[in-house]
Amino acid sequence: MTTTGPLVYVVDDDPGLRSAIESLLRSVGLTVRALGSAAEFVASDRPDVPACLVLDVRLPGSRGLDLQRDLIERHVALPIVFITGHGDIPMTVRAMRAGAVEFLTKPFRDQDLLDAVHQALDRARRAHAEQAELGDLRARFDSLTPRERQVLELVVAGLLNKQVAYELGISEVTVKIHRGQAMQKTGARSAAELARMAARLGIGTSSS
């Protein structure tokens with residue numbers, strides 16, 4: 001399946017329910033990929049688009065909560081809407097604490113599921129946009145020369161140009177040139193904005 005828009009994965013071992021959920025989601029214009037097990041989901045190709053997961057909490061061979069934990073450990077940002085016929089309070093609390101969007105007990109109203117999926121996709125869109133923005137920012141910082149990056153790291157640590165010059169054993173004029181080039185390449189309009197960009201990428205901001 002090729003898709004560029006938001007995608008909803010439905011993972012449930014009950015073919016009838018899986019088909020019903022797929023039809024419901026498609027009826028409101030959503031793109032759906034329905035799968036029968038956690039293993040099928042893990043093995044599936046997942047395009048780089050905003051997506052969420054409608055997941056049965058009790059699956060053969062692997063619980064939905066285990067899949068949630070595995071996705072978190074692999075840093076896969078995929079909002080999850082859990083569905084179950086046998087939910088209990090501890091299970092619900094565990095799922096929600098781990099970031100689940102909703103925990104619906106069967107039988108649930110169609111509108112409740114649609115509301116939860118739309119909420120999950122909103123969260124996915126925001127996360128996807130954030131990752132795209134960070135990727136662009138990282139590419140800009142990666143375009144810096146080693147010397148420009150050295151200057152940048154000292155500038156965002158709070159050092160003045162003359163202090164940077166002393167630390168690197170170069171002239172203050174040279175520092176100003178490298179600093180200007182770094183700001184031009186990153187698109188920063190001020191030292192403060194440059195520091196905020198660097199902080200988002202985890203580039204050191206503490207003073208030497």
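**Exercise 1.** In this predicted model, determine how the residues of the lining of the largest pocket divide into nonpolar, polar and charged.

*Solution.* Begin with the classes: the lining of the largest pocket holds eleven nonpolar, three polar and two charged residues. Next, consider the space enclosed, which amounts to about 330 Å³. Of the 16 lining residues, those closest to the centre of this pocket are Asp48, Val49, Val76, Ala77 and His128. Finally, assign the lining to elements: helix α5 (residues 110-142) gives the most, with four residues.

**Exercise 2.** Describe the second largest pocket by its volume and state which element supplies the largest share of its lining.

*Solution.* The volume is about 200 Å³. Ala77, Leu78, Pro79, Ala98 and Gly99 are the closest to the centre among the 13 residues that line the second largest pocket. Two or more lining residues come from each of α3 (64-73) and α5. The largest share, three residues, belongs to α3. By class, this lining comprises ten nonpolar, two polar and one charged residues.

**Exercise 3.** Classify the mutual orientation of helices α6 and α8, and identify the residues through which they meet.

*Solution.* Helix α6 (residues 146-156) packs against helix α8 (residues 172-186) at an angle of about 90°, and their axes are 9 Å apart. Angles of 65 to 115 degrees count as roughly perpendicular; α6 and α8 are therefore roughly perpendicular to each other. On the α6 side, the contact is formed by Arg147, Glu148, Val151, Leu152 and Val155. Their partners in α8 are Val175, His178, Arg179, Gln181, Ala182 and Lys185. Sorted by class, the contact of α6 with α8 has five nonpolar, two polar and four charged residues.

How values were computed: Residues numbered from 1 in each chain as written. Predicted model: local features only at pLDDT ≥ 70, side-chain atom pairs only at ≥ 80, totals over all residues. Heavy atoms only, no water. Axes fitted to C-alpha atoms, helices over the stretch in contact; angles between N-to-C directions. Parallel < 35°, antiparallel > 145°, perpendicular 65-115°, else oblique. Contact = heavy atoms within 4.5 Å. Nonpolar A, V, L, I, M, F, W, Y, C, P; charged D, E, K, R; others polar. 1 Å grid on protein atoms, 1.4 Å probe; cavity = no way out; pocket = protein on both sides within 12 Å on 5 of 7 lines; lining within 4 Å. Points joined across faces, edges and corners; volume = space filled by probe spheres on them.
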